[in-house]
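Grab your favourite viewer and work through a few short exercises on helix packing and chain contacts. Try each task yourself before reading the solution under it.

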Amino acid sequence: MNRSGTAAAALAGGLAFALCQWLVFVYAPEERVMGQAQKIFYFHLPLAWWGLVSFGVACAAGILHLVKRLPRHAQLADAAVEVGMVFCTLTLATGSIWARHSWGVWWTWDPRLTTALILWFIYAGYLALRSMPMPRARRASLCSAVAVAGFADVPLVFLSARLWRSIHPNVFAAQGGGLETEMAVTAAACVLAFGLVWLPLLIIRYRQTGQQERLDDVMLARMADEDDPTEENED
Amino acid sequence: MLKCALAICRKDLTLILSRNAGIMQALLLGLLLVFLFSLSLNTGDALSPQAAASMFWLATAFCQVLIFNMLYASEELCGARSGLLLLPAPVQSVWLGKSLAGLLLIMAAQCVFIPAVFVFLGQHLADGFLPALAGIVLGDLGMAVSGSLFGALAAGRSGRESLLSIILFPLLVPLLLAGVRLASLGIDPDPLPGDPLRWIGLAAAFDAVFTAAGLLLFPFVYTGDES
């Protein structure tokens, strides 16, 4: 996507976000039991979905990098993990607020919350690995391997968290009773709006990562140029 | 490939067992964890079977990190990585050889941890020891194949123990949950309801996923262009 395309997507995201505020706080009815606190669902759900999509993009970019060895795929994986981490952190924060209001605790063993936390830890490990001092190509290969293995583990994490939980009484089953039409429309609009915010964020961060690497190359080339005349003088 | 893998496994086990120091550290760390946790109990109290099983797998997980750091450090310390890479076999044979050596060392360490769990945490053998045994075997296999892949990733880095831990432990969660649930069946006279076969299936799926990941990703992780 070129610059004007990104700007158009960002503008559409901003407008869609504004529309979502109206849908969330005016159009959607207030939930009887939870009241205003239920509105956090309209932010929590899209954050979780787009966070997971980000990690999926990082996995796909990681596979492409390992196969084709092009730096741009590693840059895309880095950008997707960074954006995914932001979304995942916000998912955990909004999920905790929801849990506190709905269930009276900041944290509970819910399969989705647990999966989000494990994902957060896996990709925090990715970011820790990326910050290690090592050659760029080597770092890109290792990070790609972690992105691929991490995403392959996601279904197992979710399944194990659900199996672990399922032997206890399912006190949260009541929430699966379905949404009112207005609520479903608002939730769908929010998912779309967050997608329009997520995409430009990913593209901008991807470009920044590429620019940063090009600047590093220029700086290294200049340093090498500055060193050469000195060596000649010494000779 | 299998011949090379077995040769690497034999070489690593000979090196580690002849030096003795590394494996002792891993064993002592696991034993210390079990013992220190037993201090939280009042005299005469017994830990719940699930908590005891969790301590067992936690000790195994820390032991796994030390073992795989040790297995890959032996080449890094003397700059012999390129020797392994020049073997007349696919590079995956290194991963397989280290996995086999790691598996045997983890199982050996567990032979010490299991009695420690019974003695220090006040546990008794129950009827479900067969699923528990299956859980231990599958859990060890999963730890070996994943530890070998990510041990190669952390090899030669500064702070490699902590790096390996933060990358490996979140990935191990499904395996640890399956291991804990199955191990608790072996020491719980009144086990929680649930089908152990589902947990065994989950552990087997983890082993399959990380065996495939190891075979596919290891050549990208363990290369000669190192610094």
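What follows is a set of four exercises on this predicted model, each with a worked solution.

**Exercise 1. Check how far the predictor trusts this model, for chain B and for the complex.**

Start with chain B: its pLDDT averages 87, and 96% of its residues score at least 70. Then turn to the complex, where the predictor reports an ipTM of 0.85 and a pTM of 0.85. One thing to keep in mind as you go: predicted coordinates shouldn't be read in detail where pLDDT is low.

**Exercise 2. Work out how α2(A) and α3(A) are oriented to each other, then look at α3(A) by itself.**

Step one is the geometry. Helix α2 of chain A covers residues 41-68 and helix α3 of chain A covers residues 71-103; their axes come within 7 Å and cross at roughly 155°. Angles over 145 degrees count as roughly antiparallel, so α2(A) and α3(A) are roughly antiparallel to each other. Step two is the hand, and this crossing is left-handed. Step three is the chemistry: the residues of this contact split into 20 nonpolar, 10 polar and 1 charged.

Now for α3(A) itself. With 33 residues, α3(A) spans 46 Å from its first C-alpha to its last, which is close to the 48 Å expected at 1.5 Å a residue. Right after α3(A) comes A:Gly104, with a positive phi near 80°.

**Exercise 3. Classify the packing of α5(B) against α6(B) and say which residues meet there.**

In chain B, the axes of helix α5 (residues 92-120) and helix α6 (residues 129-154) come within 8 Å, crossing at roughly 135°. That angle makes α5(B) oblique to α6(B). The hand here is right-handed.

Next, pick out the residues. From α5(B) you'll find, among others, B:Trp95, B:Lys98, B:Leu103, B:Ile106 and B:Met107; these and others meet α6(B) residues including B:Ile136, B:Asp140, B:Leu141, B:Met143 and B:Gly147. Sorted by class, the contact of α5(B) with α6(B) holds 11 nonpolar, 6 polar and 2 charged residues.

**Exercise 4. Which helix gives the most to the side of chain A that touches chain B?**

Count the contact first: 27 residues come from chain A and 27 residues from chain B. On the chain A side, α4 (111-130) and α5 (136-166) each supply at least two residues. The top contributor is α5(A), with 16 residues. To finish, sort that side of chain A by class: you get 21 nonpolar, 4 polar and 2 charged residues.

How values were computed:
Residues are numbered from 1 along each chain as its sequence is written. Chains are lettered from A and ligands numbered from 1 in the order in which they are written. This is a predicted model: local features need pLDDT of at least 70, side-chain atom pairs count only at pLDDT 80 or more; totals for chains, interfaces and linings use all residues. Axes are lines fitted to C-alpha atoms, for helices over the stretch in contact, and angles run from 0 to 180 degrees between N-to-C directions. Helices (H or I, at least four residues) and strands (E, at least two) are DSSP runs, numbered from the N terminus. Angles under 35 degrees count as roughly parallel, over 145 as roughly antiparallel, 65 to 115 as roughly perpendicular and the rest as oblique. A crossing is left-handed if the near helix is turned anticlockwise from the far one by less than a right angle, and right-handed if clockwise. Two residues are in contact if their C-beta atoms, placed from the backbone, lie within 7 Å. Ala, Val, Leu, Ile, Met, Phe, Trp, Tyr, Cys and Pro count as nonpolar, Asp, Glu, Lys and Arg as charged, and the others, Gly among them, as polar. pLDDT is the predictor's confidence in each residue, from 0 to 100. The expected span of a helix is 1.5 Å times one less than its number of residues.
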